[in-house]
Amino acid sequence: MSVQLRVIIEEHDIRKLMLPSGIPNTVEDLVSLIVKTFQLHGEFGLLYEDTDFGNQFFSVTSTAELHDKATVKIIRKEPTIVLDLHPVDELGLSSTLSSVDTTADESEIYTSTVDEDDDHASFSSQDTVLPVSCRTAPWPVPFQLPEFSRDIELILAEANKSFLASGTHFRDASVKSAIMQDLAKAIFSYTAYPSSLQIASVAEALVEKFPCLKEPGSFSGMYGWQQRLKYKMHNYRAKLKARKYAYPEIEVNMLKRKLPSNTTPAKNVRRPKKAEVNYLPPHPVGENQDTLEKERLELVEEITKKNNAKIIMEKMSKTFSSRRVEVVTLSPAVSVFKERWPALFSEAQITAEFRRITTVALEETFMLKLDWYTPRLIQLFRAKGGAAGARMHPLLNDVNESQSVEKKRDAVVCCLMEYLGEHQEDLFQDCQSEHEDHTDQTMKVIVIHDAMSEDDPADVFVVIEGIQVLKGCGNKTKACVLLMGLIYALNLEYPKKLKYTFEVFQKIFLELDGAKLLKRVHSLKMISRDYSKRLNPNLQKRQAGVDRWGRPAPITRFQAEPLALPSERG
């Protein structure tokens, strides 16, 4: 007996299946027949529409539940992915570093050293394994559009041809709705709360690939898409709230979760502000706050043992979501948080936590970019005059080729703060003894000098909220790197007096959310890229063999000698 089935493959892809021999005896045979008939790839499950329950879909457990002209829906099963992770060797790291466009005389290659005696330092940020519930990649630049269904891709391809031939814009509302749904899923895979710039990048990528989707009433053809994406993400988050699976980064902003003083929807919204990829990740599958609290208690015991860095790393990774809920929703005092999570306050775990939050290698990225900018920044600092220049020149006088990389980095960081109109004393404090009282300090890097040698600090440690949270940093630059990691791990704000310095650390040296810069930081980035051209705009023309009016010019000393900086001229 011939049977017909209505098969829903996707929202906009519905087919008719003819079964001349009737419905197969098993569900597996029916699924195999559907996959073969419609040339599908992957593993699928099957649902059927039950008229007794208002046409709701139920799982097909037996083909006896199906009848002629029944509606079935095929569901793709998510594949099980097994990751075989191996430590990154030195060769892989060096090849990554060599991909940056820089020369040996412009910057020193960064190499990290690990103290063999430190058990907790045996695992670097390269060994960090992100929990399965976390996002694994930051926002892509430029944004990569998801692959739409085959039917939509074909429809848009034809619409593009029509647009290029006659300028006809595509107006099918149902297809646009399906596109919006796919875009919302793709955006949420990177962030639940996209910024205006991120939404604009999605719209730009869409109209660039499919010009037929441009809107005639907009100057760029993207404005309408930007507004629709904004409201679509709001509706998408609202739908996710109704699901059984928990989304902490959405639930934390529900009115019933807020304090009575913050019941206004737009007040005190907790969302990523420093390009955090995993701001409030969900708990691992099968875990809840109670089970993770047991893991935390075990972790407190493990920290007292030796040679168990691997166990600590695994438990820190497993309890990552629990820590984020605590720091974001409760904002505990640093002293309380350190007592609850003592394992976090070590160099290895700070860099690992930063990688979990941002997916970026903290120390490697910071040092590499600092070294790349160092030659340009030194030229810029030496040409600076006024009071800021007077404060920088003593630091720059000690910078030479024979100086160690660490001291050169320290000098550049200190000069950077002065150049930006801020004071290094607001971050660094010189002391003669580590036993001095620092309880009145909100956020400081304490530099302890040896009475016998003031050039090399005996110790450098970090103080937050009057508590010594990390010691043994070695130098000022390393302390700044680890302080950035602590700020992210503890969900702290940047000091107001040092907002420009920390923005340079985040957006230029760590390359996190570098699309939007404060004016002063943006100027520094632009100037440092090509400082020599800024000193003399006609230099490029002279080197090309023409004068400032474009006429042929004879070879002059400007073509044979580098341009002297103002501070170097006799």
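Okay, quick definition before we start: when I say a helix touches a strand, contact means heavy atoms within 4.5 Å. And keep in mind that what's on the screen is a predicted model.

With that in hand, look at helix α16, residues 476–489. It lies across β6, β7, β8 and β9, and it runs at about 20° to β8. Those 4 strands form an open sheet, in the order β6-β7-β8-β9, with mixed pairing. At the edges you've got β6 (428–431) and β9 (467–470), and each of those pairs on one side only. Neighbouring strands here are turned by 40° against each other on average, ignoring direction.

Let's zoom in on the middle of that sheet. Strand β7, residues 443–449, pairs with β8, residues 457–464, in the antiparallel sense, over 7 bridges. If you want one bridge to find on the screen, take His449: its partner in β8 is Pro457.

Now over to another sheet. This one is open too, with 5 strands in the order β2-β1-β5-β3-β4, and again the pairing is mixed. Its edge strands are β2 (13–19) and β4 (56–59). From one strand to the next, the twist averages 35°. Inside it, β3 (residues 44–50) and β5 (residues 70–76) are antiparallel, with 5 bridges between them. Phe44, for example, has Arg76 as its bridge partner in β5. There's a helix on this sheet as well: α1, residues 27–37, touches β1 (3–10), β2, β3 and β5, and its direction makes about 105° with that of β3.

Right, aromatics. The structure holds 18 aromatic pairs. Take Phe148 and Phe210: their ring centres are 6.2 Å apart and the planes sit at 40°, so we call that pair tilted. Phe148 is in the loop between α2 (90–98) and α3 (150–166), while Phe210 is in the loop between α5 (196–209) and α6 (223–241), so the pair ties together parts that are 62 residues apart in sequence. Buried or exposed, these two, Phe148 and Phe210? Both are buried.

Compare Phe502 and Phe505, an edge-to-face pair with 5.6 Å between centres and 75° between planes. They're 3 residues apart in helix α17 (residues 499–509), so about one helical turn separates them. Phe502 and Phe505 are buried as well. They also belong to a cluster linked by ring pairs, along with Phe366, Trp372, Tyr373, Tyr494 and Phe509.

Last stop, charges over rings. Arg228 lies over the face of Trp225, 4.6 Å from the ring centre. And Arg520 does likewise over Tyr500, at 4.1 Å.

Conventions
Residues are numbered from 1 along each chain as its sequence is written. This is a predicted model: local features need pLDDT of at least 70, side-chain atom pairs count only at pLDDT 80 or more; totals for chains, interfaces and linings use all residues. Side-chain values use heavy atoms; hydrogens and water are left out. Two strands pair if DSSP finds at least two bridges between them. Helices (H or I, at least four residues) and strands (E, at least two) are DSSP runs, numbered from the N terminus. Axes are lines fitted to C-alpha atoms, for helices over the stretch in contact, and angles run from 0 to 180 degrees between N-to-C directions. Rings of Phe, Tyr and Trp (its six-membered ring) pair if their centres lie within 6.5 Å; planes under 30 degrees apart count as stacked, over 60 as edge-to-face and the rest as tilted. Buried means under 20% relative accessible area, exposed over 50%, partly exposed in between (1.4 Å probe, protein chains only). A charge sits over a ring if NZ of Lys or CZ of Arg is within 6 Å of the ring centre and within 35 degrees of the ring normal.
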